[in-house]
Amino acid sequence: MSNQKTWTEVDDYFNSQLVPEKDAMNEVLESNSEAGLPSIDVSAAQGKMLHVLAKIRGAARVLEVGTLGGYSSIWLASALSKDGRLITLEASEKHAQAAKANIENAGLKDKVEILVGPANETFPSLVEKETDPFDFVFIDADKRNNPYYIKWAIDLSAPGACIVVDNVVRNGEVVVKDSEDPDIEGIRDMFDILSNEPRIDSTAIQTVGSKGYDGFLLAVVK
Ligand code: SAH
Ligand code: DHB
Ligand code: MG
């Protein structure tokens, strides 16, 4: 039973029962595909999970690292409290343009700001600007830089902030100690940081579904 076909069927079943928003959200995926973006967005069920987590947190200031076409941004921004805002960091001008159009179509233009540029430049700009602290951070960009992103995310977060990091399992490759894949090294270096970081309480959960075998880190800032 445990194979990709079954995982996708189970996701389809759950989504048909629990994720009525998926049809509108599929339009985002279609426009991304037309624009030639890679289909490495979170799944519908994962997007809805981010939405539910942001609501549980009562999130008003959300930071996302890695916008792509705005699929996860829209799931998060549509969960914001009335005056809530999402800032999302994206290196690719092309991806940011696609996201901007999708976010406008979703009626969320006034809630979302896209900062274009490599996150190792836009993150320090947020620190310099002394931006108000975030209460929810979703990290989903280039995995090799996760050690930097997790540190900045903690620095920029308020106590009680929720931090989610996507793709921390990568089909089990995370346990390959001597991996020479810089993305796996980045994920493992992030776990090394977290194992010695007193400011945060974390867990990591393995997942299967329409996007294969992967997982996410879930943490709360003390
Ligand atoms: N969160 C999106 C998927 C993001 S895919 C969703 O689920 O819908 C990863 C994104 O990170 C890509 O768009 C890629 O261009 C971007 N990215 C890669 N390196 C980056 C960097 N150094 N800074 C900011 N964004 C980066
Ligand atoms: C990749 C990136 C992601 O954020 C993801 O969820 C899946 C794959 C990638 O870069 O291959
Ligand atoms: Mg991802």
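## Exercises on a predicted model

Leu194 lies in helix H8. The model is predicted. Work through each task with the structure open.

### Exercise 1: Leu194

Task: Decide whether Leu194 is buried or exposed. Then find how far apart Leu194 and Ala219 are in sequence and in space.

Solution:
- Step 1. Take the cut-off. Buried means under 20% relative accessible area.
- Step 2. Apply it. Leu194 has 11% relative accessibility, so Leu194 counts as buried.
- Step 3. Count along the chain. Leu194 and Ala219 are 25 residues apart in sequence.
- Step 4. Go from C-alpha to C-alpha. The distance between Leu194 and Ala219 is 9.8 Å.

### Exercise 2: Asp11

Task: Place Asp11 in its element. Then find how far Asp11 is from Val220 in sequence and in space.

Solution:
- Step 1. Find the element. Asp11 belongs to helix H1, residues 4–18.
- Step 2. Check the accessibility. Asp11 has a relative accessible area of 10%, and therefore is buried.
- Step 3. Compare the two separations. Asp11 and Val220 are 209 residues apart in sequence, and their C-alpha atoms are 27 Å apart in space.

### Exercise 3: The surroundings of ligand 1

Task: Which residues come nearest to ligand 1? Which atoms of ligand 1 pair with Leu68, His95 and Asp140?

Solution:
- Step 1. List the neighbours. There are 20 residues around ligand 1, and Gly66, Ser72, Glu90, His95 and Ala119 come nearest.
- Step 2. Sort the shell by class. It has ten nonpolar, six polar and four charged residues.
- Step 3. Look at the oxygen atoms of ligand 1. One oxygen atom is 2.8 Å from an N or O atom in the side chain of His95. An oxygen atom of ligand 1 is also 3.4 Å from a polar backbone atom of Leu68.
- Step 4. Turn to nitrogen. A nitrogen atom of ligand 1 is 2.8 Å from an N or O atom in the side chain of Asp140.
- Step 5. Find the cover. Ligand 1 taken alone exposes 580 Å², and the protein buries 88% of that.
- Step 6. Name the site. Ligand 1 sits in the largest pocket.

### Exercise 4: Leu68

Task: Where is Leu68 found, and what is the sign of its phi angle?

Solution:
- Step 1. Locate the residue. Leu68 is in the loop between strand E1 (61–65) and helix H4 (71–77).
- Step 2. Read the backbone angle. Leu68 is not a glycine, yet its phi is positive, about 50 degrees.
- Step 3. Test for burial. The relative accessible area of Leu68 is 11%, so Leu68 is buried.

### Exercise 5: The surroundings of ligand 2

Task: Which residues are around ligand 2? How much of ligand 2 does the protein bury?

Solution:
- Step 1. Name the shell. It consists of Ile40, Asp140, Lys143, Asp166, Asn167 and Arg170.
- Step 2. Sort by class. One residue of this shell is nonpolar, one is polar and four are charged.
- Step 3. Check the polar pairs. An oxygen atom of ligand 2 is 2.9 Å from an N or O atom in the side chain of Lys143. A polar side-chain atom of Asp166 lies 3.2 Å from an oxygen atom of ligand 2. For a polar side-chain atom of Asn167, the distance to an oxygen atom of ligand 2 is 2.8 Å.
- Step 4. Find the cover. Ligand 2 taken alone exposes 290 Å², and the protein buries 63% of that.
- Step 5. Name the site. The space taken by ligand 2 is the largest pocket.

### Exercise 6: Lys143 and Asn167

Task: Place Lys143 and Asn167 in their loops. Then decide whether Lys143 is buried or exposed, and do the same for Asn167.

Solution:
- Step 1. Start with Lys143. Lys143 is in the loop between strand E4 (134–139) and helix H7 (146–155).
- Step 2. Apply the cut-off. Lys143 has 6% relative accessibility, so Lys143 counts as buried.
- Step 3. Find a partner. The side chains of Lys143 and Asp140 make a polar contact at 2.9 Å.
- Step 4. Go on to Asn167. Asn167 lies in the loop between strand E5 (157–166) and helix H8 (182–195).
- Step 5. Apply the cut-off again. Asn167 has 14% relative accessibility, so Asn167 counts as buried.
- Step 6. Read the angle. Asn167 has a positive phi of about 65 degrees, although Asn167 is not a glycine.

### Exercise 7: Helix H7

Task: Which residues of H7 are buried?

Solution:
- Step 1. Go along the helix. The buried residues are Asn146, Pro147, Tyr149, Ile150, Trp152, Ala153 and Ile154.
- Step 2. Draw the conclusion. H7 is largely enclosed by the rest of the structure, because seven of its ten residues are buried.

Note on methods:
Residues are numbered from 1 along each chain as its sequence is written. Chains are lettered from A and ligands numbered from 1 in the order in which they are written. This is a predicted model: local features need pLDDT of at least 70, side-chain atom pairs count only at pLDDT 80 or more; totals for chains, interfaces and linings use all residues. Side-chain values use heavy atoms; hydrogens and water are left out. A residue is near a molecule or strand if one of its heavy atoms lies within 4 Å of it. A polar contact is a pair of N or O atoms within 3.5 Å; within protein, one must be able to donate a hydrogen and the other to accept it, and residues adjacent in sequence count only if both atoms are side-chain atoms. Accessible areas come from the Shrake-Rupley method with a 1.4 Å probe; for residues, only the protein chains shown count as cover. On a 1 Å grid over the protein atoms alone, a cavity is a set of points where a 1.4 Å probe fits but cannot get out, and a pocket is an open set with protein on both sides within 12 Å along at least five of seven lines; lining residues have an atom within 4 Å of a point. A molecule sits in a cavity or pocket if more than half of its atoms lie within 2 Å of its grid points. Ala, Val, Leu, Ile, Met, Phe, Trp, Tyr, Cys and Pro count as nonpolar, Asp, Glu, Lys and Arg as charged, and the others, Gly among them, as polar. Helices (H or I, at least four residues) and strands (E, at least two) are DSSP runs, numbered from the N terminus. Buried means under 20% relative accessible area, exposed over 50%, partly exposed in between (1.4 Å probe, protein chains only).
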